[in-house]
Amino acid sequence: MSSPEIASLSWGQMKVQGSTKIYKDCKVWPGGSRDWDWRETGTEVPPSTVEYLKKKGIDVRVLQTEQAVKEYNALATQGIRVGGVFHSTC
């Protein structure tokens with residue numbers, strides 16, 4: 001399964017390729033996407049989460065949303081299986 005590209009991003013709205021849903025905030029992964037409620041976990045990525053993922057051999061990047069979408073899409077278009085959590089109002 002490939003990772004869907006982020007088709008568009010504007011303040012408070014994100015569209016993901018292959019989905020008809022307009023997200024405010026979303027999670028994407030190879031083969032899918034869904035809403036993400038940032039109030040469940042906050043918008044900051046805890047250092048313990050980054051450390052855990054790195055120990056599992058997963059490359060982690062914590063970026064401002066526009067830059068994160070740009071990097072995510074660049075990887076996805078190269079066929080790299082990539083996932084992300086995006087908050088459209090930060």
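In this predicted model, β2 and β3 are joined by two bridges and pair in the antiparallel sense. One of the matched pairs across these strands is Lys15 with Ile22, the latter being its bridge partner in β3. The hairpin of β2 and β3 has five residues between the strands, and within it Gly18 takes a positive phi near 85°.

On its other side, β2 meets β1. Strand β2 covers residues 13–16, and four bridges join it to β1, with the two strands running antiparallel. Two of the partnerships are easy to trace in the structure: Ser10 has Gln13 as its bridge partner in β2, and Ser8 has Lys15. The hairpin of β1 and β2 has two residues between the strands, and here Gly12 takes a positive phi near 80°.

Put together, these strands form an open sheet of three strands in the order β1-β2-β3, with antiparallel pairing. Its edge strands are β1 (6–10) and β3 (22–23), each of which pairs on one side only. Helix α2 packs on this sheet, where it touches β1 and β2, and its direction makes about 170° with that of β1. As a general point, strands of a sheet pair through backbone hydrogen bonds, either parallel or antiparallel.

The side chains of β2 are worth following one by one, since they alternate along the strand. Met14 and Val16 point to one face and are buried, whereas Gln13 and Lys15 point to the other face and are not buried.

Just beyond this strand comes Gln17, which is found in the loop between β2 and β3. Gln17 has a relative accessibility of 45%, and therefore counts as partly exposed. Leaving aside residues up to four places away in sequence, Gln17 touches Pro4, Glu5 and Ala7. Pro30 offers another reference point: Gln17 and Pro30 are 13 residues apart in sequence, and their C-alpha atoms are 12 Å apart in space.

A second open sheet of three strands has the order β5-β4-β6, again with antiparallel pairing. Strands β5 (32–35) and β6 stand at its edges; each has a single partner strand, so one side of each is left without a neighbour in the sheet. From one strand to the next, the twist averages 20°. Strand β4, made of residues 25–29, pairs with β6 in the antiparallel sense over four bridges. Within this pairing, Asp25 has His87 as its bridge partner in β6. Helix α2 appears here too: α2 lies across β4 and β6, running at about 145° to β6.

The empty space in the model can be described in a similar way. In general, rolling a probe the size of a water molecule over the atoms shows where empty space is left. The largest pocket holds about 1,100 Å³ of space. Its lining is made of 33 residues, and those nearest its centre are Val45, Arg61, Val62, Gly84 and Val85. Two or more lining residues are given by each of α1 (47–55), α2 (65–77) and β6 (84–87). The largest share of the lining, five residues, comes from α2. Sorted by class, the lining of the largest pocket has 17 nonpolar, 10 polar and six charged residues. Readers tracing α2 through the structure will thus meet this helix on the sheet with β1 and β2, across β4 and β6, and in the lining of the largest pocket.

Note on methods. Residues are numbered from 1 along each chain as its sequence is written. This is a predicted model: local features need pLDDT of at least 70, side-chain atom pairs count only at pLDDT 80 or more; totals for chains, interfaces and linings use all residues. Side-chain values use heavy atoms; hydrogens and water are left out. On a 1 Å grid over the protein atoms alone, a cavity is a set of points where a 1.4 Å probe fits but cannot get out, and a pocket is an open set with protein on both sides within 12 Å along at least five of seven lines; lining residues have an atom within 4 Å of a point. Grid points are joined across faces, edges and corners, and a volume is the space filled by probe spheres set on the points. Ala, Val, Leu, Ile, Met, Phe, Trp, Tyr, Cys and Pro count as nonpolar, Asp, Glu, Lys and Arg as charged, and the others, Gly among them, as polar. Two strands pair if DSSP finds at least two bridges between them. Contact means heavy atoms within 4.5 Å. Axes are lines fitted to C-alpha atoms, for helices over the stretch in contact, and angles run from 0 to 180 degrees between N-to-C directions. Buried means under 20% relative accessible area, exposed over 50%, partly exposed in between (1.4 Å probe, protein chains only).
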